[in-house]
Amino acid sequence: MPEYVLSCCSTADLSAEHFAARDIQYVCFHFSMDGRRYSDDLGRSIPFDEFYSRMSAGADTKTSQVSTGEYIEYFTPFLQAGKDILHLCLSSGISGSYNSACLARDELKEAFPGRRVLIVDSRAASSGYGLLMDKLADLRDEGMSLDELYAWAEANRLRLHHWFFSSDLTFFIKGGRVSKTSGMVGTLLGICPLLNVDNLGRLIPRAKIRSKKKVIEEIVRRMEEHAEGGLDYAGKCYISQSACQEDARAVADLVEARFPKLNGKVEINWIGTTIGSHTGPGTVALFFWGGERVD
């Protein structure tokens with residue numbers, strides 16, 4: 001195996017079992033619920049169903065990124081063991097964790113002059129970030145060197161597409177992504193906003209679609225439009241969801257029916273507590289490989 005560590009943040013929203021099986025290390029973000037602080041530890045501190053149930057009941061949530069000091073503490077044991085590190089951060093378009101990781105890297109250069117920590121801004125989030133990490137694990141296992149894998153990640157990160165919708169506007173209104181007036185009207189009309197992640201890693205509203213059935217059709221249509229090879233797409237597809245398993249399953253079933261060459265079944269994960277603190281329950285996100293994102 002290569003003498004380097006492949007690493008990311010817990011906000012890649014894969015299961016602990018998935019990370020372990022692919023030998024991907026991760027560092028945890030943090031969140032608070034009703035004033036009590038927790039680690040975003042993939043559902044260990046608070047099971048995901050309980051987390052979203054408490055949000056629906058009115059619990060107050062806040063999030064905090066990984067600090068420079070925490071990155072130093074996290075990276076140090078790998079460097080002490082003689083390992084270099086390739087770490088991909090949650091998109092800089094929604095978090096400052098990339099800057100914190102870079103500061104940690106710079107501080108560690110003096111303590112470990114013979115070791116390297118390479119940092120990549122993933123421009124990705126949730127299980128789209130996870131799908132990128134899974135691909136990097138494949139390439140590492142095929143024998144890519146640290147430098148080769150770093151270059152591949154930088155060159156291909158914008159080929160990872162994120163499309164998502166929400167059937168509950170409560171937390172989009174609370175977070176200021178939707179105005180109170182628009183949110184009230186949207187809720188009355190059954191509007192489901194469709195968003196994606198642009199080339200700067202930011203969340204961008206793309207359409208307002210009336211009814212859940214239509215937005216499920218539209219999100220899969222966007223995959224048909226953007227997926228590598230169109231309906232002949234032969235890569236993996238991940239979905240993440242926040243306490244709306246039936247909606248996620250409906251999207252997955254449609255994807256599996258429309259893309260017969262898909263690499264395995266669609267993998268459905270939970271939207272973790274960091275991202276979920278902002279989306280709330282009712283969000284479904286779809287991830288796949290395609291052409292480079294341009295806006």
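## Surface and overall form

The protein chain exposes about 12,700 Å², and carbon and sulfur atoms supply 51% of that area. The model is predicted. Buried residues account for 55% of the 295 residues in the protein chain.

A compact globule of 295 residues would have a radius of gyration near 19 Å; the protein chain has 19 Å, so the two agree. Along the principal axes, the C-alpha atoms fill a box of roughly 60 × 50 × 30 Å. Contacts reach far along the sequence: of those between residues at least 6 apart, 75% join residues at least 24 apart. The secondary structure comes to 11 helices and 13 strands.

## The four-stranded sheet

One open sheet has four strands in the order β2-β1-β6-β7, with parallel pairing. Its edges are β2 (25-27) and β7 (117-121), each of which pairs on one side only. Neighbouring strands here are turned by 25 degrees against each other on average, direction ignored.

Strand β1 (residues 4-9) pairs with β2 over three bridges, in the parallel sense. Within this pairing, Ser7 stands opposite Gln25 in β2.

Two helices lie across this sheet's strands. Helix α3 (residues 68-80) lies across β1, β2, β6 (84-89) and β7, and runs at about 150 degrees to β6. Helix α4 (residues 97-111) lies across β6 and β7, at about 165 degrees to β7.

## The six-stranded sheet

Another open sheet has six strands, ordered β10-β9-β8-β13-β11-β12, and its pairing is mixed. Strands β10 (203-210) and β12 (267-270) are the edges; each pairs on one side only. The average turn between neighbouring strands is 20 degrees, direction ignored.

Strands β11 (residues 238-241) and β13 (residues 283-289) run antiparallel and are joined by four bridges. Ser240 stands opposite Ala285 in β13. Helix α9 (residues 212-226) lies across β8 (160-166), β9 (191-197), β10 and β13. Its direction is about 170 degrees from that of β8.

## The nonpolar core

In soluble globular proteins, nonpolar side chains tend to be buried together. Here the largest nonpolar core has 89 residues. Met223, Val251 and Val255 touch the most other members. Helix α5 (residues 126-141) gives the most to this core, with seven residues.

Val251 shows what such a position looks like. Leaving aside residues up to four places away in sequence, Val251 touches Phe165, Ile216, Ile219, Val220, Ile239, Val284 and Leu286. Of these partners, Phe165 falls within the residue range of β8. Ile216, Ile219 and Val220 fall within that of α9. Ile239 belongs to the range of β11, and Val284 and Leu286 to that of β13.

## Positive phi in two loops

Most residues other than glycine have a negative phi. Two residues here depart from that pattern.

Asp34 has a phi near 50 degrees, a positive value in a residue other than glycine. Asp34 is found in the loop between β3 (30-33) and β4 (36-39).

Ala243 has a phi near 60 degrees, again positive in a residue other than glycine. Its place is in the loop between β11 and α10 (245-258). Is Ala243 buried, partly exposed or exposed? Its relative accessible area is 45%, which lies between the 20% and 50% limits, so Ala243 counts as partly exposed.

Conventions:
Residues are numbered from 1 along each chain as its sequence is written. This is a predicted model: local features need pLDDT of at least 70, side-chain atom pairs count only at pLDDT 80 or more; totals for chains, interfaces and linings use all residues. Side-chain values use heavy atoms; hydrogens and water are left out. A nonpolar core is a set of buried Ala, Val, Leu, Ile, Met, Phe, Trp, Tyr and Cys residues joined through side-chain atoms within 4.5 Å. Buried means under 20% relative accessible area, exposed over 50%, partly exposed in between (1.4 Å probe, protein chains only). Contact means heavy atoms within 4.5 Å. Two strands pair if DSSP finds at least two bridges between them. Axes are lines fitted to C-alpha atoms, for helices over the stretch in contact, and angles run from 0 to 180 degrees between N-to-C directions. The radius of gyration is taken over C-alpha atoms; the globule rule is 2.2 Å times the number of residues to the power 0.38. Accessible areas come from the Shrake-Rupley method with a 1.4 Å probe; for residues, only the protein chains shown count as cover.
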